[in-house]
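Here is a short set of exercises to work through with the structure open beside you. Try each task yourself before you read its solution.

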Amino acid sequence: MHRRGKLKKLREAAAHWVAAKPRTARGDNEIADDLIAFGVSQERVDEIVNDDEDADDDDLFPVLPDNVEIVAAFIDISTQWRTSFSGITGLDYNAIESLYRMKKKKIKKRILNGILVMEKAVLNELAQRNP
């Protein structure tokens, strides 16, 4: 698949994340639940977060294999939004950097670029929902 197709799928994944129904965590690992909601296979979720929970097939969103790490990183940092009185304004990059440093992980350029694509898609989706 071409780069544009992969980016389109990331934008669609971000829009799906915005539209997803609030869910109650099924255990201690909300990242696994979120990945499953995006349609990531249980086997791949286990590889990413070492969690063995089963997924429901409701509201699944297919994630391209090339985008799984990006979507997982996006979900991992999904609590790091800057907000104002008008709502979400964007991701807090200082908090993201700090989070990765605390986890002793380096964020790859490809992952960061994908997060930026998803962030923009979320902001566009929210702007369309709240004109």
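**Warm-up: the whole chain**

In the protein chain, 59% of the contacts with a separation of 6 or more are between residues 24 or more positions apart. Please keep in mind that this is a predicted model.

**Exercise 1. Find how many helices and strands the protein chain has, and the order in which they run.**

Step 1. Count the elements: the secondary structure comes to six helices and two strands.

Step 2. Read from the N terminus on, and the order is α-α-α-α-β-β-α-α.

Step 3. Add the burial of the chain: 37% of its 131 residues count as buried.

**Exercise 2. Describe how helix H2 and helix H4 meet.**

Step 1. Locate the two helices: H2 covers residues 30–37 and H4 covers residues 68–76.

Step 2. Look at their axes, which come within 10 Å and cross at roughly 135°. An angle from 115 to 145 degrees is neither roughly perpendicular nor roughly antiparallel, so H2 is oblique to H4.

Step 3. Give the hand of the crossing: H2 and H4 cross in a right-handed way.

Step 4. Name the residues that touch. H2 brings Ile31, Asp34 and Leu35, while H4 brings Ala72, Ile75 and Asp76. Sorted by kind, the residues of this contact are four nonpolar, no polar and two charged.

Step 5. Check burial in H2, where the buried residues are Ala32, Asp33, Leu35, Ile36 and Ala37.

**Exercise 3. Follow the chain just after H2 and place Ser41.**

Step 1. Start at Gly39, just after H2, which takes a positive phi of about 90°.

Step 2. Go on to Ser41, in the loop between H2 and helix H3 (42–49).

Step 3. Decide how open Ser41 is. Its relative accessibility is 40%, so Ser41 counts as partly exposed.

Step 4. Look across to Val68: this residue is 27 residues from Ser41 along the chain, and their C-alpha atoms are separated by 9.8 Å.

**Exercise 4. Work out how covered H4 is and how it meets H6.**

Step 1. Count the buried residues: eight of the nine in H4 are buried, and the helix is mostly covered. Among them are Val68, Val71 and Phe74.

Step 2. Turn to the axes of H4 and H6, which come within 9 Å and cross at roughly 60°. This crossing is right-handed.

Step 3. List the contact. From H4 come Glu69, Ile70, Val71, Ala73 and Phe74, and from H6 come Arg110, Ile111, Gly114, Ile115, Met118, Glu119 and Val122. These residues divide into eight nonpolar, one polar and three charged.

**Exercise 5. Classify the aromatic pair of Phe74 and Trp81.**

Step 1. Recall that a pair of aromatic rings is described by the distance of the centres and the angle of the planes.

Step 2. Apply the cut-offs: centres within 6.5 Å make a pair, and planes over 60 degrees apart make it edge-to-face. The count comes to one aromatic pair. The ring centres of Phe74 and Trp81 are 6.2 Å apart and the planes stand at 80°, so this pair is edge-to-face.

Step 3. Check burial. Phe74 is buried, with 0% relative accessibility, and Trp81 is buried too, at 13%.

**Exercise 6. Is Lys120 buried or exposed?**

Step 1. Find Lys120 in helix H6 (residues 109–129).

Step 2. Take its relative accessible area of 56%: exposed means over 50%, so Lys120 is exposed.

Step 3. Finally, compare with Leu91, which is 29 residues from Lys120 in sequence and 9.6 Å away in space, C-alpha to C-alpha.

Definitions and conventions:
Residues are numbered from 1 along each chain as its sequence is written. This is a predicted model: local features need pLDDT of at least 70, side-chain atom pairs count only at pLDDT 80 or more; totals for chains, interfaces and linings use all residues. Side-chain values use heavy atoms; hydrogens and water are left out. Rings of Phe, Tyr and Trp (its six-membered ring) pair if their centres lie within 6.5 Å; planes under 30 degrees apart count as stacked, over 60 as edge-to-face and the rest as tilted. Buried means under 20% relative accessible area, exposed over 50%, partly exposed in between (1.4 Å probe, protein chains only). Axes are lines fitted to C-alpha atoms, for helices over the stretch in contact, and angles run from 0 to 180 degrees between N-to-C directions. Helices (H or I, at least four residues) and strands (E, at least two) are DSSP runs, numbered from the N terminus. Angles under 35 degrees count as roughly parallel, over 145 as roughly antiparallel, 65 to 115 as roughly perpendicular and the rest as oblique. A crossing is left-handed if the near helix is turned anticlockwise from the far one by less than a right angle, and right-handed if clockwise. Contact means heavy atoms within 4.5 Å. Ala, Val, Leu, Ile, Met, Phe, Trp, Tyr, Cys and Pro count as nonpolar, Asp, Glu, Lys and Arg as charged, and the others, Gly among them, as polar.
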